[in-house]
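Q: I'm new to this one, could you walk me through it?
A: Gladly, let us look at it together.

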Amino acid sequence: MKRLFNVSAVTAFIAACCMTATSCDQPTTQEPPVEKELGVSIELVSATETSVTVDITAEKDAEGYKYAIGEAGKLSDFQNGTMEGIKTQNDPTVKEVTFDGLTKATDYTIYVQAFAGEETGNVRQKVVTTDGEPDFDLSTSVELDNITEDSFVLKVQYGADTRTLVYGYGSESDREAFENGTLSTITKVTNPTASTLIVRGMERGKEYTVFVQAIAGDKKGNVSTVSGKTLKLELELVLIEDELTTTSAVIEMRPSGDTFKYRYMLGAMELLSYFEDGTWPDILWETDVTAPKQTHATGLNPGDKFCIFAQPFAENGTRGEIEIIEFTTLTEEEAGGEE
């Protein structure tokens, strides 16, 4: 016996099943999370030579902000918390922040970042400048390192901002002339690098004061001074005429002034260069300069021309001028005629 189906009922049943299946397959719709507003702004309120005050305004969702002041280029240090001087403000309604202990006429960068719980906003940066004129390091100091007959050798130190090193020499009363630029001995060194300064052109045995000053543009540093007396190395050579023979001569050496010792030798004029560089083996030294000394040249040939070379030295090793005396031994005829 056949069972008959109600077509309408079956159709309705299938449709209901399809609707139920479709409803079961659709995902539940969720609202996306709301992004918090954690931005900040920085406004300069005032600046002095040693402080800066700013207003920091955080957006509505901020629970506080952290901040710091320092050099430019410290963004990553601020973000990872290693920057020196980071502070936290847990009350976002407190806006005014003052940074003290700063250097005048200097650029600083302020870093600020708002937070809410573990969330943080973007870091805001602002460059501010303290008031005042910048301090230039134009200090100088000078000391006398050595002295010669015509120069002072100085050890000099000057500040990092020095663009021109100015020096001159004269008497102690010439300071004003140096400062106003009218001293005739003034010399200028642009972009100096050396720590040794040689001041030349002085006279022997004279008292001098050297003035030194560092300059950068229209800025001038202190005037440093050092005083001293140039050396005067004297060594006179005198031929004792009565002692001149065909084979010998007597030369008297008379040291004076700052002479501490002297060297000398007998030879022909062609040997002068060997005496100058100290390579001739027969160079002699005299260290007792309290009185004149005589040197006897013997074993000479009659009628020949000879020289005595002599040079004084100061105690600090400074050399004086080479003194030369020339003489000619008597010929046999001259010697016989005298007899």
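**Confidence and overall build**

A: This is a predicted model, in which the mean pLDDT of the protein chain is 91 and 89% of its residues reach 70 or more, pLDDT being the predictor's confidence in each residue, from 0 to 100.

Q: Which stretches have pLDDT below 50 or under 50?
A: Over residues 1-10 the pLDDT is below 50, and this stretch has one contact in the model beyond near neighbours in sequence, where contact means heavy atoms within 4.5 Å. Over residues 17-24 the pLDDT also stays under 50, with zero contacts beyond four places in sequence. Where pLDDT is low, the predicted coordinates should not be read in detail.

Q: Any ground rules for numbering and cut-offs?
A: Residues are numbered from 1 along each chain as its sequence is written, and side-chain values use heavy atoms, leaving out hydrogens and water. Local features need pLDDT of at least 70 and side-chain atom pairs count only at pLDDT 80 or more, while totals for chains, interfaces and linings use all residues.

Q: How many helices and strands are there?
A: The protein chain has five helices and 22 strands, which are DSSP runs numbered from the N terminus (helices are H or I, at least four residues; strands are E, at least two).

Q: What about the inside, how many residues are in the largest nonpolar core?
A: That core has 21 residues, and Phe152, Leu154 and Val212 are among those with the most contacts inside it. A nonpolar core is a set of buried Ala, Val, Leu, Ile, Met, Phe, Trp, Tyr and Cys residues joined through side-chain atoms within 4.5 Å. Strand E14 gives the most to this core, with five residues.

Q: Is there a second core, and what does it include?
A: A second, separate core of 20 residues includes Val54, Ile56, Tyr67 and Leu102.

Q: Back to E14: is glutamine 213 buried or exposed?
A: Glutamine 213, found in strand E14 (residues 207-216), is buried, with a relative accessible area of 7%; buried means under 20%, exposed over 50%, and partly exposed in between (1.4 Å probe, protein chains only).

Q: What lies 2.9 Å from its side chain?
A: The backbone oxygen of glycine 221 lies 2.9 Å from a polar atom of the side chain of glutamine 213.

Q: And serine 46, where does that sit?
A: Serine 46 lies in strand E1 (residues 40-47) and is partly exposed, with a relative accessible area of 37%. Not counting residues up to four places away in sequence, serine 46 touches Val52 and Thr53.

Definitions and conventions. A polar contact is a pair of N or O atoms within 3.5 Å; within protein, one must be able to donate a hydrogen and the other to accept it, and residues adjacent in sequence count only if both atoms are side-chain atoms.
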